[in-house]
Amino acid sequence: MKKLFLETLGCAMNSRDSEHLVAQLNQKEPYQLTTELGEADLIIINTCSVREKPVSKLFSEIGVFNKKRKKGAKIGVCGCTASHLGKEIIKRAPVVDFVLGARNVSKINEVVDKHHAVEIDINYDESQFQFGEYRNHSLRAMINISIGCDKQCSFCIVPATRGEEISIPKDIIISEIQKVVDNGAKEVMLLGQNVNNYGRRFSDNSGSKYSFTMLLQDISKIDGLKRIRFTSPHPLHMDDEFLEEFASNPKICKQIHIPLQSGSTKLLKEMKRGYTKEWFLNRCNKIREMLPNVAISTDIIVGFPNESEEDFNDTLDVLEKVRFDQLFSFKYSPRPMTPAKDYENQVDAQVASARLTHLQARHTEILDEIMDSQLGCEIEVYFDELKANNQISGRSDEGRLVYIDGSEDILGTIRKIKVTKVSRASLSGELI
Ligand code: SAH
Ligand code: F3S
């Protein structure tokens, strides 16, 4: 059997695209996944282009992979950087055999055997494509609910690499979830760049009134499905109806990612995010009023053009008020095809680095307090990973990583545990 070395960078959507790539390849010819580059017949890098760093890393990596590869092994570049650079990749690195964009995953078999094939059409509509079935995990599953993104956040390259937003028809989503549940999954993660904009556009142009809240209600009717997570909702589209469903539906996990980007209303406007600092705090407060123990995570960019000390202090203020359970924070990285790269007053790199360090240090203190408060708590955990040293791991409803000593029979079950040890990244406990 041929062997495939597949490297996946970036977001959850890319992880799901990688599963789709394997599924599609297998429909033509079976591949066995390998972690040994030197024995692979096919090497695929599924790339991210959201920041500059992974893009520059790509070309040095191609050089390394080229040296280490087995004679005759092919190298393919897929994903967002493929969409964005296209044939430029082959110009800069002629050892690359093919380039396949983030919205052309279903065409992998059309390019895999063609020398220097490039397929990067961002208008290509895969929202109804019936991908083959391949999953890295049987106990939990990622489920795409939309492709692309219609927002035009001024810093973000994603709309240019993944194209316009199209919702995947509800029936396809429901039947995909039914399939994974029949195969043993109890938890799903719904994926989209802007999940709560679901229903905005379907490929048949049906002006459907079907919303994300309605989708959540219908998904939660699936027997055997115990837990629903989703990422990412946009703060602007968090209406009361959605928040009430989130709070009251027992199958929806009480963990929510709300990407802030900046606490400064002035910068949010320049970022074209469509909400203010007050709106963001209002939404977080409303969730916390209904669910005091909810876990809220966020994305923050520091050093966006024009960010003053005062703007940064607004971001710190939101951090103090919301006390995020998880923070993904980044230094602003100017990206091609985005308006913000041409904005005046780009922030000095050292100032941005210092702000990032400050933000992360304060978040870490808050996180330690949150994790300490978990000691002695009784929580429900869905155990889905077998670890070394007779340990099993899983996630609490709030998404916290939990370890216990245990054996395989606990896998795939939801158990109550008492937390006996805490660290910054995880909890440990005993079955009750
Ligand atoms: N809609 C997606 C966002 C994808 S990009 C979602 O909600 O998950 C993921 C994160 O990368 C963004 O939330 C943002 O914080 C960060 N990001 C995007 N463009 C960036 C840039 N040019 N520089 C730094 N960080 C960026
Ligand atoms: Fe990017 Fe904004 Fe969409 S961050 S993915 S343009 S919601």
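This report walks through helix packing, sheets, a ligand site and two backbone details in a predicted model.

## Helices H8 and H9

Start with helix H8, which covers residues 212-219, and helix H9, which covers residues 240-248. Their axes come within 9 Å. They cross at roughly 20°. Angles under 35 degrees count as roughly parallel, so H8 is roughly parallel to H9. The crossing of H8 past H9 is left-handed.

Which residues of H8 meet H9? They are Phe212, Thr213, Leu216 and Gln217. On the H9 side, the partners are Glu241, Phe242 and Glu245. Sorted by class, this contact has 3 nonpolar, 2 polar and 2 charged residues.

## Helices H9 and H11

H9 also packs with helix H11, residues 277-290. Here the angle is about 30°, and the axes are 10 Å apart. H9 and H11 are therefore roughly parallel to each other. H9 passes H11 in a right-handed crossing.

H9 brings Asp240, Leu243, Glu244, Phe246 and Ala247 to this contact. H11 brings Arg283, Lys286, Ile287 and Met290. The classes are 5 nonpolar and 4 charged residues, with no polar ones.

## Helices H12 and H13

A further packed pair is helix H12, residues 309-322, with helix H13, residues 349-372. Their axes are 11 Å apart, at an angle of about 15°. H12 is therefore roughly parallel to H13. What is the handedness of the crossing of H12 and H13? It is right-handed.

From H12, the contact residues are Glu309, Phe312, Thr315, Leu316, Leu319 and Glu320. They meet Arg355, His358, Leu359, Arg362, His363 and Ile366 in H13. The contact of H12 with H13 holds 5 nonpolar, 3 polar and 4 charged residues.

## The open sheet

Now the strands. An open sheet has 3 strands, in the order S12-S13-S14. The pairing is parallel. Which strands form the edges? They are strand S12, at 255-257, and strand S14, at 326-331. Each of these edge strands pairs on one side only. Neighbouring strands of the sheet are turned by 10° against each other on average, direction ignored.

Look next at strand S13, residues 295-302. S13 pairs with S14 in the parallel sense, over 6 bridges. Within that pairing, valine 302 stands opposite lysine 331 in S14.

## The barrel

A barrel is built from 5 strands. How are its strands ordered? The order is S15-S16-S17-S19-S18, and the pairing is mixed. In this sheet, the average turn between neighbouring strands is 55°, direction ignored.

One pairing in detail: strand S15 spans residues 378-386, and strand S16 spans residues 391-396. They pair in the antiparallel sense over 5 bridges. Phenylalanine 383 stands opposite glycine 394 in S16.

## Around ligand 2

Ligand 2 is surrounded by a set of residues that includes the cysteines Cys149, Cys153 and Cys156. Lys151, Phe155, Val158 and Pro159 are also part of the surroundings. Gln193, His234 and Arg273 complete the list.

What classes make up the shell around ligand 2? It has 6 nonpolar, 2 polar and 2 charged residues.

## Two backbone details

The peptide bond from threonine 231 to serine 232 is cis. Its omega is near -5°. Serine 232 lies in the loop between strand S11, at 227-231, and H9.

Where is arginine 323 found? It sits in the loop between H12 and S14. Its phi is near 55°. That is a positive value in a residue other than glycine.

Terms used
Residues are numbered from 1 along each chain as its sequence is written. Chains are lettered from A and ligands numbered from 1 in the order in which they are written. This is a predicted model: local features need pLDDT of at least 70, side-chain atom pairs count only at pLDDT 80 or more; totals for chains, interfaces and linings use all residues. Side-chain values use heavy atoms; hydrogens and water are left out. Axes are lines fitted to C-alpha atoms, for helices over the stretch in contact, and angles run from 0 to 180 degrees between N-to-C directions. Helices (H or I, at least four residues) and strands (E, at least two) are DSSP runs, numbered from the N terminus. Angles under 35 degrees count as roughly parallel, over 145 as roughly antiparallel, 65 to 115 as roughly perpendicular and the rest as oblique. A crossing is left-handed if the near helix is turned anticlockwise from the far one by less than a right angle, and right-handed if clockwise. Contact means heavy atoms within 4.5 Å. Ala, Val, Leu, Ile, Met, Phe, Trp, Tyr, Cys and Pro count as nonpolar, Asp, Glu, Lys and Arg as charged, and the others, Gly among them, as polar. Two strands pair if DSSP finds at least two bridges between them. A residue is near a molecule or strand if one of its heavy atoms lies within 4 Å of it.
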